[in-house]
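User: Please take a close look at one helix in this model, and then at its surroundings. Keep it brisk.

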Amino acid sequence: MHRGVDAPRTPAVGGSAAAEQAPAKPPDTGAHLQQRFDALIADDERIEPRDWMPTGYRKTLIRQIAQHAHSEIIGMQPEGNWITRAPSLRRKAILIAKVQDEAGHGLYLYSAAETLGVDREDLLDLLHEGKQKYSSIFNYPTLSWADMGAIGWLVDGAAIMNQVPLCRCSYGPYGRAMVRVCKEESFHQRQGFDILHTLSHGTPAQQAMAQDAVDRFWWPSLMMFGPPDERSAHTAQSTAWGIKRLGNDELRQRFVDICVPQARALDITLPDPDLRWNENRGHYDFGAVDWAELTRVIKGDGPCNEQRIQRRRSAHEEGAWVREAADAYARKHHNSSAAEALA
Ligand code: 3HC
């Protein structure tokens, strides 16, 4: 358990005289703690690990941050698949850097989850046992080099759309982690666009490859934002708590609106015959998303679910010696620091 995780926020006092004059602190009853939490949320202030928080708020954050962290590390697999086959040294170096960034995002996010009193080893166990989710998008195969472009442009683009508002999440450690993640995601999105732009302005075979990748990734990217708000179990409460700032539907619409002109610049057609500008709404209308497919993929029946989780489990097992070595080093370091302090 994180130390002080339930400790209430203490107002700063300006010395002993100020302390003497300060009004008596009201008792920290459950109702008082709840009031203080509600006031921080109402004032759009941040909740920090030291603050009291309702159990539901803590649980919701652990669920969302863990799912997010798992998505980052599982998301390394579809792209890792192309590192050895990148078409040039430059593309290979960029892809390696991107995949490493995703691992880093996982680390920031597991660290943010740990401030809520959970242990990352336990979260990883839950992922490996299929008891926690990760993003549906990573259960689709990467069949061609153009998929690296489509993932960068669409998947990282959708992630940015979703995560920029999360930089203002009411929970401090998650919001701060998101700031850095979003900066790196912007580079990821740009490199994906660049890959697709090169292909879509290349030979007919390259153009077809780029179009095929976008055809396969467009609809699954729209599913990344979650089910429609009316069917979303958590959106209303998460928005009221300032965890999510915008609903699933609004984020999805913003994503569609931003992608249409970008697709035009790429000379790529988005695979939706119903996609058209709606003057009255000031947005693009788009066709029906196959929500049954999202449900199937989330439940484990996507094209690559089994492969992704198997690979993750074996990577975890193969990496056991690294964790043991890191623990041994940390213990040694701790013991020598303690011995120095006593000398
Ligand atoms: N894939 C998998 N599960 C999904 C999903 C999806 N695309 N969309 C929704 N779900 C799950 C939810 O997690 C929830 O499951 P649970 O009750 O077991 O936890 C259930 O379906 C109902 O959905 P809700 O809309 O009620 O859930 P949320 O309010 O949590 O909203 C979310 C879903 C928009 C994905 C939200 O959790 C979120 O914003 N998460 C943070 C961002 C994130 O996880 N991104 C992962 C994308 S990939 C990524 O960032 C990596 C980058 O490198 C590309």
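**Helix H11 and its setting**

Analyst: Cys169 is buried, with a relative accessible area of 0%. That is one cysteine to keep in mind in this predicted model. Cys304 is buried too, at 6% relative accessibility. Neither value settles the pairing, so the cut-off matters: a disulfide needs two cysteine sulfur atoms within 2.5 Å. By that rule, the count is zero disulfides. Cys169 shows the gap: its nearest cysteine sulfur belongs to Cys167 and sits 9.8 Å away.

Now the helix. H11 covers residues 248-266, which is 19 residues. From first C-alpha to last it reaches 26 Å. The expected figure, at 1.5 Å a residue, is 27 Å, and the helix comes close to it. H11 is not straight throughout: there is a bend of about 25° at Cys259. A proline, Pro261, follows within four residues of that bend.

Which residues of H11 are buried? Asn248, Leu251, Arg252, Gln253 and Phe255 are among them. So are Val256, Asp257, Cys259 and Val260. Ala263 and Leu266 complete the list. Cys259 therefore appears twice here, as a buried residue and as the site of the bend, under a cut-off of 20% relative accessible area for burial. In general, an α-helix has 3.6 residues a turn, so residues three or four places apart point the same way.

What do the buried residues of H11 pack against? Five helices and a strand take part: helix H7 (146-166), helix H8 (172-200), helix H9 (204-223), helix H10 (235-240), helix H12 (291-298) and strand S2 (283-285). After H11 comes Asp267, with a positive phi near 60°.

Next, the ligand. It is surrounded by 33 residues. The closest are Gln67, Lys133, Gln163, His234 and Lys244. Gln67 has a side-chain N or O atom 2.6 Å from a ligand oxygen. For His234 the matching side-chain distance is also 2.6 Å. Glu72 places a side-chain N or O atom 3.2 Å from an oxygen of the ligand.

One more residue deserves a look. Leu123 lies in helix H6 (residues 120-128). Leu123 is buried, with a relative accessible area of 2%. Leaving out residues up to four places away in sequence, Leu123 touches Ile62, Ala66, His70, Tyr110, Ala113, Val118 and Gln132. Asp156 is 33 residues from Leu123 along the chain, and their C-alpha atoms are 24 Å apart.

Notes. Residues numbered from 1 in each chain as written. Predicted model: local features only at pLDDT ≥ 70, side-chain atom pairs only at ≥ 80, totals over all residues. Heavy atoms only, no water. Buried < 20%, exposed > 50% of the residue type's maximum accessible area, 1.4 Å probe, protein only. Helix = DSSP H or I, 4+ residues; strand = E, 2+ residues; numbered from the N terminus. Expected span 1.5 Å × (residues − 1). Bend = angle between axes of the 7 residues up to and from the residue. Contact = heavy atoms within 4.5 Å. Near = heavy atom within 4 Å. Polar contact = N/O pair within 3.5 Å; in protein donor to acceptor, adjacent residues only side chain to side chain.
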